[in-house]
Amino acid sequence: MTKLGDEKACREHMEDLRWGGNPVCPFCGKDKPYKLKDGKTYRCKNRDCRKDFTVTVGTVFENCKIPLSTWIAATYVLSAHKKGISSHQLARDCGITQKTAWFVLQRLRHIMCNPDPEPLTNTVEVDETYVGGTFANMNRKRRKEWQEKGEDNKVAVMGLLERDGIAKLTVIGQKSFKDMVRGSVDKNAILVTDTHLAYQGLAYEYAEHLTINHSEGQYRDGLAYTNSVEGFFSCLKRSIFGIYHSVSPKHLHRYCAETAYRYNTRKITDKDRVTQTLQNTSGRLKYKTLIEKL
Ligand SMILES: [Zn+2]
């Protein structure tokens, strides 16, 4: 943070992370652009392109009025704090409005989503949990909206965790449990689940399928336990109950991504984690998309 004290240093740092000293036009891919006098804008040398760009064009930081130093500080705080940070706290820490802080955090969570994860292998624990605010904590208008829909506001989340490896949290939507496992776990893996009927039959497709019967008070039997994935769920729940208080179902997948990201980068230092997050800023998330109704 001290090293990146001013806006110029932040910009140079981002340019270095994104381009490694060789700026490339985000529109056509041509390198060696002209640098304009303002010190931050580049102009493409390609005759058919000639577009101007800065280091934030094509990243989640694009078209946002807040300084890069604030983005970097927010990235640090969100990725280093074990339970995350609320938009209210971030607003106070960075001197921005709560609405801006909320948007910054959602964009950062968006880049923490891994769009193309490797399949899990070796021994994989799979379990499901329910996350969601209770009606009692909602304001009257929202409670009424949910009650009119006639459904529970709890959302099912599936956790898949490779022992000593990486983990995934996915909101359970229309797909069956089995299809979700098939989509994330390599066929050579040993699966460990509870005795939920929805997992039955997977033994024929996987190297092995161990089950543990929680309803009979059985929690550990040799390799058959799901304690690691339950610990992983508690990271999500601690951040939701302790920091965010409630998360609407529409945004839950981003909080899942944040928890998984922190878990999966648990063995690297805070500084490396920030660098990795900043290197991963391509892809935009517009405010309009965020606030759209389900
Ligand atoms: Zn170009």
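**Entry 1: R11**

I started with R11 in this predicted model, asking whether its side chain is buried or exposed. R11 turns out to be buried, yet I found no salt bridge for it. Its nearest side chain of opposite charge is E7, at 4.6 Å. A salt bridge needs a distance within 4 Å, so E7 does not qualify for R11 at 4.6 Å. I placed R11 in helix α1. Leaving aside residues up to four places away in sequence, I listed what R11 touches: K40, T54, V55 and L68.

**Entry 2: the zinc ion**

Next I looked up which protein atoms hold the zinc ion. The donors are the SG atoms of C25, C28, C44 and C49, and they lie 2.2 to 2.3 Å from the ion. I then checked the geometry: the angles among the four donor atoms run from 99 to 114°, and the site is tetrahedral. For reference, I noted that the ideal angle for four tetrahedral donors is 109.5 degrees.

Along the sequence, I read the donor spacing as C-x2-C-x15-C-x4-C. C25 sits in the loop between α1 (7–19) and β1 (34–35), while C49 sits in the loop between β2 (42–43) and β3 (52–53), so this pair ties together parts that are 24 residues apart in sequence. I also looked up burial here, and both C25 and C49 are buried.

**Entry 3: the β5–β6 hairpin**

Last, I turned to strands β5 (residues 155–162) and β6 (residues 167–171), which run antiparallel and are joined by five bridges. I picked out one pairing: L160 has K168 in β6 as its bridge partner. The two strands form a hairpin with four residues between them. In the turn, I noted that D164 has a positive phi of about 60°.

How values were computed: Residues numbered from 1 in each chain as written. Predicted model: local features only at pLDDT ≥ 70, side-chain atom pairs only at ≥ 80, totals over all residues. Heavy atoms only, no water. Donors = N, O, S within 2.8 Å, 3.2 Å for Na, K, Ca; no water. Tetrahedral: all angles 85-135°; square planar, octahedral: opposite > 155°, others 65-115°. Buried < 20%, exposed > 50% of the residue type's maximum accessible area, 1.4 Å probe, protein only. Lys, Arg positive; Asp, Glu negative; His and termini not counted. Contact = heavy atoms within 4.5 Å. Pairing = 2+ DSSP bridges.
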